[in-house]
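Please work through the exercises below with the structure open beside you, and try each task before reading its solution.

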Amino acid sequence: MHISYHLLPNRETNTETPGMAVDMKALSPKIMASSAAPSTIPISSSFLHHQEFNPIKPHFFPADNNLSLNPLAIRCTDRTLSHFISANHEPLPKSAIAAAAKAVAEEIDGEGSPASTPTKPNKGKPALLRMNDGMRSKRLLEIQKLRENKKEYDLKTAISLIKQTSCTTFVETAEAHFRLNIDPKYNDKQLRATVNLPKGTGQPVRVAVITQGENFDEAKNAGADLIGGEDLIEQIKCGFMDFDKLIATPDMMPKVASLGRILGPRGLMPNSKAGTVTTNIPQAIEEFKKGKVEYRADKTGIVHMPFGKVGFSEEDLLENFLAAVQSVESNKPLGAKVLYWKSAHVCSSMGPSIRLNIREMLDFKLPTTA
């Protein structure tokens, strides 16, 4: 394809305007078959100044430019095909114009087009695809039939459904999930506390203690699984994590602070709000051994908390669950709104969630034994 500049006549002002001519001899045999004379597409310079010419895609020129294909002289008065007219001011068929544009585009594509700039890959978090019933396991589809979706159950019925929907080969954990009307990004709307479950968590807790001096003997007598000082800190830095709770005395916290990047993401960093920074080491060890659970609201305002094992009796699960509800209610942040509870669900580790009636849950009282 040959491109040359020449002067285009301007019929309105009787002057010549610098422009560009595209040699059509090498473009399309279909177009050139109708004429022996060279065919050109004259493009005025005003068009080149207004917008960039794209040789890959057929372009419709503005009204002040001339488009000629010998023996036809075509002038474009609008961007739609219906407004193309010939030199005799007669409308041309759309099929002829479309065929000519397609042939020119094919020839230009065949000669090679400039490489397009690669688009940046989308690094955003992909949306989670919702699983339909055809992708779920047969076990889950069967146990979902035991409860109605979006129905609010009373507390006793929900606890019994947890035991019915647990059908795995291991003892599942009973979990509570509370959606609260708080925004943890504000200091007065954060929730972090502990609760002592009366019937325990149902699983052994390995407690490690970082202290020094006379507290070694107190921690050993209280039943600590691991006791150490600076030597234990060095072991943790090397990757030692064989414990569930880490308790430290206040005098050791400046040295424990170097473990923040290691223990923080795992939720094991000693904290005074969680009761893991204390001078009364025997009491702290006893509470965590018996079933003291730490909980906090995540960034969406939801609290996730275990309250026992599915193997517990319904009475024990009820007692543990009510203790968790009372703890969340009593530790209500100062900046929380009047509507504190949004929703509450209970479930087993591998079972479907069961929605609770908020009003009935808050007013529920354990039956007193005579």
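## Exercises on a sheet, a helix and some salt bridges

In this predicted model, seven bridges join strand β7 (residues 173–180) to strand β14 (residues 341–348), and the two strands run antiparallel.

**Exercise 1.** Place these strands in their sheet, and find which strands stand at the edges.

*Solution.* Begin with the pair itself, where H177 stands opposite H345 in β14. Next, widen the view to the open sheet of four strands, whose order is β13-β7-β14-β15 with antiparallel pairing. The edges are taken by β13 (302–309) and β15 (354–355), and because each has a single partner strand, one side of each is left without a neighbour in the sheet.

**Exercise 2.** Determine which strands helix α5 touches, and which of its residues are buried.

*Solution.* Helix α5 (residues 155–165) packs on the sheet by touching β13, β14 and β15, and its direction makes about 35 degrees with that of β14. Helix α11 (residues 314–330) also packs on the sheet, where it touches β7, β13 and β14, with its direction at about 155 degrees to that of β13. Returning to α5, the buried residues are L155, A158, I159, S160, L161, I162 and T165. These buried residues pack against β13, β14 and β15 of the sheet, and also against α4 (138–144), α11 and α12 (358–363). Finally, look at the N-terminal end of α5, which D154 caps with a side-chain oxygen that lies 3.4 Å from the backbone nitrogen of K156.

**Exercise 3.** Explain which parts of the chain are tied together by the salt bridge between R192 and E294, and then examine two further pairs.

*Solution.* The closest N and O atoms of R192 and E294 are 2.9 Å apart. R192 lies in strand β8 (residues 192–196) and E294 in strand β12 (residues 292–296), so the pair ties together parts that are 102 residues apart in sequence. R192 is partly exposed, with a relative accessible area of 28%, and E294 is partly exposed as well, at 22%.

For the next pair, the side chains of D225 and K289 meet in a salt bridge at 2.7 Å, N to O. Since D225 lies in the loop between α6 (215–222) and β10 (226–228), and K289 in helix α10 (residues 281–290), this pair ties together parts 64 residues apart in sequence.

In the last pair, K255 and E230 meet through their side chains at 2.3 Å, N to O. K255 belongs to helix α8 (residues 253–256) and E230 to helix α7 (residues 230–237), 25 residues apart. To finish, note that salt bridges with shared partners join R192, K245 and E294 into one network.

Technical notes
Residues are numbered from 1 along each chain as its sequence is written. This is a predicted model: local features need pLDDT of at least 70, side-chain atom pairs count only at pLDDT 80 or more; totals for chains, interfaces and linings use all residues. Side-chain values use heavy atoms; hydrogens and water are left out. Two strands pair if DSSP finds at least two bridges between them. Contact means heavy atoms within 4.5 Å. Axes are lines fitted to C-alpha atoms, for helices over the stretch in contact, and angles run from 0 to 180 degrees between N-to-C directions. Buried means under 20% relative accessible area, exposed over 50%, partly exposed in between (1.4 Å probe, protein chains only). A polar contact is a pair of N or O atoms within 3.5 Å; within protein, one must be able to donate a hydrogen and the other to accept it, and residues adjacent in sequence count only if both atoms are side-chain atoms. A salt bridge is a side-chain nitrogen of Lys or Arg within 4 Å of a carboxyl oxygen of Asp or Glu.
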